[in-house]
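Please find below a short note on the model under review. The points move from the chain as a whole to one sheet and then to two individual residues.

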Amino acid sequence: MKFYDEDEDPEANGWVFGGYLSYERQLKADVFDFIKSYFERSKKDYYLAPYFPTEYNTFYYREEEDWENEVGYDCALENLCQKDYYPEREAVTIRECMYYQPPVAACKVGSLSILPAGTKIKLWETGEYGIKDGVLFPIYEFESRDEEGYRVGVGYIRGIDITSTRHASSVSDGKGGKYTLYYQRALKSVKDDSYGYSKEKIDETLNATWTYEGADLKGGFKMNKVVIIDPSGKRYDVELKTEASSLRLEYPLNMKNPVLFLEENLFSGGMGGGYFTTRLSTAKLLSDGNVPIEKVFEYGYLSVDAGYDGMAYHYFKNDGAVVYEYQTDEMGNVEHNRHKYYVRKSNFRYSFWNDETVDGEPQGKSQTLEVGQYANPVCRLKMRSSPSLSAEKINTFEAGTLLQVVEVGSKVSIDGVTANWVKVKAVNDGRFVEGYSTNGVAGWVFGAYLD
């Protein structure tokens with residue numbers, strides 16, 4: 001691979017001082033460090049090269065070469081351009097990564113440039129493929145734009161360096177910073193012993209809606225990569241073996257000395273319903289980059305057309321968490337209607353234990369709330385346009401949504417409990433029960449059902 005400045009002739013010969021040459025071959029794994037060093041020396045933000053840099057255990061397949069070099073793969077990343085499953089085609093970089101811009105005008109070679117982690121991009125179509133450490137991934141044509149709408153990047157980017165914006169989320173640390181989660185899913189069923197090395201067959205499979213619907217229904221995904229970025233910008237690669245269909249972070253600011261939680265959501269069933277499972281674990285970010293994961297609890301419910309119905313959720317308290325479970329059998333008889341308390345062990349921030357189980361739903365309580373206070377709804381909670389039961393309902397908060405009080409109204413008694421009407425806003429981006437985004441929306445709720 002030749003490196004040279006844009007205004008230089010790539011065919012020119014010349015003299016260099018031999019003291020800066022080495023007989024040793026440049027290691028493939030060091031290519032990113034080499035390029036960063038090049039940028040520092042040249043004071044430029046790009047360099048010219050024929051194609052993507054090669055890393056250990058990475059192989060690229062060009063369509064014109066008809067996939068001649070066969071290298072095994074045991075799963076495949078999703079095609080984020082699949083028109084029905086990913087119609088928005090929006091993605092985000094999960095690490096500082098490179099993209100390739102083909103030659104333009106009179107240029108003889110293309111160029112490689114770097115995108116910072118967290119850059120949002122628009123995907124246009126897939127082209128070639130690569131295999132890294134047994135994972136098949138598409139290469140996408142993309143563009144990125146700045147806040148004014150000007151195009152700042154265009155070319156080709158590797159699927160292993162990005163994920164769907166659906167699979168990226170952030171939570172506030174309460175100090176102006178945030179923790180950000182990125183996860184990258186792989187299709188377990190797409191492997192070389194089933195699909196071989198026919199580009200046409202792989203294209204057809206990764207473009208088919210049934211591929212993704214089937215994986216959603218039968219636990220057909222596995223996490224290829226899970227990344228957490230802390231408020232200082234430090235990156236943590238999380239070792240997590242799970243068949244969860246989705247992940248999210250929680251940082252319950254209403255808890256005394258909050259810690260980071262990782263939530264896994266799993267489903268097994270069919271078009272007529274199935275079993276929904278939620279697993280909550282603490283995620284401890286260590287200075288050495290490791291992230292010990294310790295399970296706190298797991299709960300679930302069955303909901304199918306045959307008659308079984310249920311629901312379950314959790315929310316946080318000052319000293320722990322509460323799980324609510326409701327389940328009926330196929331005849332409609334209630335099997336479970338209970339809530340379980342998980343409290344923090346004394347002097348152990350990351351350890352919790354099941355303190356007690358109580359029949360019935362979580363109940364409201366008499367209390368006084370203050371501006372700036374953080375809280376969770378203990379059940380689905382209606383948000384209104386003004387502090388009155390007769391006021392227009394705006395939306396409904398899901399139980400467990402992290403809220404902050406922005407205004408305190410009068411204290412009233414409703415259903416035997418006394419508390420303030422409070423104006424609240426969601427701390428993190430999320431969804432109301434009705435499906436609308438919580439981002440930037442504020443309204444009034446009865447404070448007795450906050451904890």
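**Notes on the predicted model**

1. Surface of the chain. The structure is a predicted model. About 23,500 Å² of the chain is exposed, and 47% of this area is supplied by carbon and sulfur atoms.

2. Composition and packing. The chain contains four helices and 28 strands. Of its 451 residues, 46% are buried. Among contacts with a separation of 6 or more, 56% join residues that are 24 or more positions apart.

3. An open sheet. Strands of a sheet pair through backbone hydrogen bonds, in either a parallel or an antiparallel manner. In this model, four strands form an open sheet in the order β19-β20-β21-β22, with antiparallel pairing. The edges are taken by β19 (309-317) and β22 (352-359); each has a single partner strand, so one side of each is left without a neighbour in the sheet. On average, neighbouring strands of this sheet are turned by 15 degrees against each other, direction ignored.

4. One pair within that sheet. Strand β20 (residues 320-328) and strand β21 (residues 334-344) are joined in the antiparallel sense by nine bridges. The student may wish to locate one position in this pairing: V323 has K340, in β21, as its bridge partner.

5. Residue D451. Is D451 buried or exposed? Its relative accessibility is 18%, and because buried means under 20%, D451 counts as buried. D451 is placed in the segment after β28 (442-446). Leaving aside residues up to four places away in sequence, D451 touches N254, Y315, F316, K317, K365, A375, N376 and V378. With one of these, K317, there is also a polar contact between the two side chains, at 3.0 Å.

6. Residue E294. This residue belongs to strand β18 (residues 293-304). What is the relative accessible area of E294? The value is 40%, so E294 is partly exposed, the class that lies between under 20% and over 50%. Residues up to four places away in sequence not being counted, E294 touches S281, T282, Y350 and S351. K284 lies ten residues from E294 along the chain, and the C-alpha atoms of E294 and K284 are separated by 8.6 Å.

7. Points to retain. D451 is buried at 18% relative accessibility, whereas E294 is partly exposed at 40%. In the open sheet, β19 and β22 stand at the edges, and β20 and β21 pair with each other over nine bridges.

Conventions. Residues numbered from 1 in each chain as written. Predicted model: local features only at pLDDT ≥ 70, side-chain atom pairs only at ≥ 80, totals over all residues. Heavy atoms only, no water. Helix = DSSP H or I, 4+ residues; strand = E, 2+ residues; numbered from the N terminus. Buried < 20%, exposed > 50% of the residue type's maximum accessible area, 1.4 Å probe, protein only. Contact = heavy atoms within 4.5 Å. Areas by Shrake-Rupley, 256 points an atom, 1.4 Å probe, with all protein chains shown as cover. Polar contact = N/O pair within 3.5 Å; in protein donor to acceptor, adjacent residues only side chain to side chain. Pairing = 2+ DSSP bridges. Axes fitted to C-alpha atoms, helices over the stretch in contact; angles between N-to-C directions.
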